[in-house]
Amino acid sequence: MSMLICGRFGPHCERYVQQALRKHSLQQSRNIVSKSHVLLKAPSSSQSPILLISERGLWRFYHAYKNRSSRHLLSSRGRLLVHSNRHNIVTWTRITKALIRPRNIIITGLVGTGAVISQKIEAVRQQLPDLEWMKEYMPESEAVKNLMKSIQSATSKLSLPEKGFISSHLPKVKDAAVVEGIKSWWEENAGRNSAAVLSEDQKGTTHKNTVPLLGFGRSGATATSSKKNPEKERLEQVQDEMIQIQIRYQKEIDRLIKENKDLRKSLMLKEPKSGRKRTMRKSLIDMYSDVLDELERYDSSYNTQDNLPRVVVVGDQSSGKTSVLEMIVQARIFPRGSGEMMTRSPVKVTLSEGPYHIASFKDSSREFDLTKESDLAALRKEVELRMKASVGDGETVSQESISMTVKGPGLQRMVLVDLPGIISTETSVMAPETKNNIRKMVRGHMENPNAIILCIQDGALDAERSNVTDLVSQMDPTGKRTIFVLTKVDLAESNLYNPDRIKSILEGRLFPMKALGYFAVVTGRGNQNDSIQEIKNYEENFFRNSKLFKDGVLKPTQMGTQSMSMAVSELFWKMVRETVEQQADAFKATRFNLETEWKNTFPRQRELDREELFEKAKGDILDEIINLGQLTPKEWEEAFYNKLWERASSYFFESIYLPAAQTENSGIFNTTVDIKLKQWADNMLPKKCVEVGWDTLHDEFIKIVEKDKKNKGHDEIFDQLKLAVIEASKNKHQWDSKAEDSLRVIQVNTLEDRSVTDKQQWDAAVKFMEETVKGRLHQTQDKLKELTGPGKWEQWTHWKSKTQDHRNRGATKGELEKILSAEKDHKSNLATDELTTVRRNLQTSGIEVTNDFIRETWYHVYRQFFLTKALGQCQECRKGFYYYQKGFTDSGLECNDVVLFWRLQRMLQITSNALRQQVVNNEARRLERIIKEVLDEFGEDQDTLAKLLTGPRVQLAEELKKVRQIQEKLEEFIQALNKEK
């Protein structure tokens, strides 16, 4: 039989078959078969003819009479793939290794967790490959053995055809170029020792198991349908098969990822055999997020050295920015709205891996379980409240960032910043300049040369309506750090958008901006209640059946949120590794400069930052409050006594002593005094004494603080803080409520006692009365002098003169003194006729005054008269103790005033002693506790401390501290990053 190979790749197939069969020294007979088929026929009638069918670049042996196909045996390089079971196992081992390679990439991330984990991974690794779906492609051992026997028997009986055989048996082929090609190839290789003899058959055969693909010849079914545009059918068939392969591969990857998540979760939660809980080290992304937080506190205005990468999510309002971020986070964590601005401030989200899917804020210990809808709703509400709280009055957006951490199995590790959407028009409910403020904010975040710009564009809107693309092109004209994401592709397809337009967008030809990568995603169906898993399923189904994908507009690598998320994470870590060391060097230089400035400016002082200064001031204040206990009882009682008399003297003179002194005899005097003292002690006096005790305690503490200022080592930087602590403690300090009742009992009993027991007490009472009356008399005389103007001597020596009012006062005073000199026992009130007389006398002298003017002058004149009289009474009673003991009978001496002042003095002394005991036993300790509370409150309020502890020294120390902290965290992060490499 002669040889003929037909089909598009016939010459190559023949060469490969000849090379393969040459190795086994086969004798071949040939029959012509249909295109893409070759029939091997053994000479012996006992052997079944073997049909070789081209499929996927390989050759299959087909037993025509047994109606059964064997496996691929001939490769594209002319080698028989099945020589024995050993070769078969080796071949499929290689295929299996290639298939499980994605799993190896995922699992190898767990190698560094230790020897025990390594053994667990090895055990799981041996069990991971699930190749059930490949069984239909695996050859059966019995079939392989029978086939090999048939090949071996056929090779011994096949012979090489003579030269020129091909030309005599070549059928009529329409394509002359193909015929000439076959002839030339055969003539060139005719002299070689070929063992391939193929039989020809004019009637082509087909088989239902034949699956023609790109690469080699067509099947009979394809040939017969050439009239129906076979190229288009072939392309559709290939696309369908590609989609199925991708779906099957994606499902396998998803299963592996899920298993990997479960394994990592179990490893994270696994406790050691010792029973102690595993201490989780801080993850790499958490360390990086801490560095960013420190940088943000160092310069919240985003103006200086913060050039570390983060993913900045920008886009027009309602373009799907937040939805893309939620798909990356795998939870719906942001407030939802319809057509209104929901993102009002930057939200920094740190994604890290953890055993549970949880979220928390940087300044809060509460954790939200993202697998529970109730926690998700609470988290969205909290984010909304924080955004509203950060926005000032009359504003729409805020520059203040909200920091959040999201952990969960399989999350891509990165830091994202969600910004308010760019708007074209300010509505009536927005504050003025909202549009410009948003653009300024977005520019500020994108100005970081290492920030990754995740540009979100709404695919359902006209490209000409985009605002964000122009802004991104200005900030990153070369596109070296921009990733473009086209959202709502499903709406774009349903709206019959031009496929070429979408293709030009994803190829970077439509917009003026450039990007490293272009992605198309679907982030929902418009239903706000859809879960993330429902959205992912919808996205997968859409791309599986998308016309845009089948038409070649969308590439597999550009589709889906998962592909986009992995690309963003890869770029993020690439830029982190490239820039973090440069950032650390910059802060090292800054630290050196600040340390040099400190040494030159404050050479003999420690580098105390605001927190350290506060701790030092806190210790000083607590030491000073302890010094209150160093005051002696005598010092306390004198302070209370003087303060009490200062507060009570006016009421005593005006309401008790003066009215009682107007009585006719001593009996009425004593009765009036007893009544008024009882009323005073029951109502006003105890409360007034408690106020005096409170004031005295704080005054003594202030004196101690002021005394400390005179010390040589006093630091003025603490003065403002100490005064603020004193004021805050005074406002919070409340005296014991029971103290007032106890004082009332003591004072009532003391004031009821009228028996002076010895001469010493009498003399003390006389002295007290004399000092008190003199003091009041001097005050009254000074007031009268002020009203009547300077005297003659003062006018000549100090060049002063009297005014008309002074002259009127002097004339009025003279008329009133005449009345008092005529009546020694005049009452405190001026009668009407006396008022008229004084006024007429003044009129005769040409002075016109009002009745109120006369009464005002009378008040001071009468007090001067009364106090002068009382002072004389006091001097007469110096030696009246003997007459007091006898009851003043037949002595003509009345010293009831002295007894009144003794009762008052004794009440003041006993009250002072009681207040001292209350202070020493209770109130000083209560004040110390309150001061500690105030100091703790101040220590937690950084804004208050910044106002109270300020100055160039504090600011320089604070900046030096922050730079050191940032540098240390950067170095720690770099070490961990290098270990992970």
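A residue counts as buried when its relative accessible area is under 20%. Cys895 has a relative accessible area of 0%, so Cys895 is buried. The model that shows this is predicted.

Start with the chain as a whole. The protein chain has 981 residues, and 47% of them count as buried. Its secondary structure comes to 34 helices and 15 strands. The exposed surface is about 52,200 Å², with 48% of that supplied by carbon and sulfur atoms. Contacts reach far along the sequence. Among those with a separation of 6 or more, 77% join residues 24 or more positions apart.

Return now to Cys895. Its sulfur atom lies 2.0 Å from that of Cys877, and the two residues form a disulfide. A search of the whole structure finds one such bond. The link between Cys877 and Cys895 is left-handed, with -100° about the S-S bond. The pair links distant parts of the chain, 18 residues apart. Cys877 sits in the loop between α30 (851–876) and α31 (881–886). Cys895 sits in the loop between α31 and α32. Cys877 has 0% relative accessibility, so this partner counts as buried too.

What is the relative accessible area of Cys874? The value is 0%, so Cys874 is buried. Cys874 is in no disulfide. The nearest cysteine sulfur belongs to Cys877, 7.2 Å away. A disulfide needs sulfur atoms within 2.5 Å. Cys455 also has a relative accessible area of 0%, and is therefore buried.

Next, the nonpolar cores. The largest has 100 residues. Phe652, Tyr657, Trp762, Ile931 and Phe938 touch the most other members. Which helix gives this core its largest share? Helix α32 (residues 896–940) does, with 18 residues. Ile931 shows the contacts of one member in detail. Leaving aside residues up to four places away in sequence, Ile931 touches Ile621, Leu622, Ile625, Phe701, Val725 and Ser729. Another core lies apart from this one. That second core has 65 residues, including Phe361, Phe368, Val406 and Leu960.

Turn to the strands. Strand β7 covers residues 311–315, and five of its five residues are buried. Cover comes on both faces. Val311, Val313 and Gly315 are buried on one side, Val312 and Val314 on the other. Which strands does β7 pair with? One is β12 (residues 414–418), which pairs with β7 in the parallel sense over three bridges. Here Val312 has Val417 as its bridge partner. Another is β13 (residues 452–458), which runs parallel to β7 and is joined to it by five bridges. Gly315 stands opposite Ile456 in β13.

End at helix α34, which spans residues 952–980 and contains Gln967. Is Gln967 buried or exposed? Its relative accessible area is 6%, so Gln967 is buried. Gln967 touches Lys588 and Arg591, again leaving aside residues up to four places away in sequence.

Definitions and conventions. Residues are numbered from 1 along each chain as its sequence is written. This is a predicted model: local features need pLDDT of at least 70, side-chain atom pairs count only at pLDDT 80 or more; totals for chains, interfaces and linings use all residues. Side-chain values use heavy atoms; hydrogens and water are left out. A nonpolar core is a set of buried Ala, Val, Leu, Ile, Met, Phe, Trp, Tyr and Cys residues joined through side-chain atoms within 4.5 Å. Buried means under 20% relative accessible area, exposed over 50%, partly exposed in between (1.4 Å probe, protein chains only). Helices (H or I, at least four residues) and strands (E, at least two) are DSSP runs, numbered from the N terminus. Contact means heavy atoms within 4.5 Å. Two strands pair if DSSP finds at least two bridges between them. Accessible areas come from the Shrake-Rupley method with a 1.4 Å probe; for residues, only the protein chains shown count as cover.
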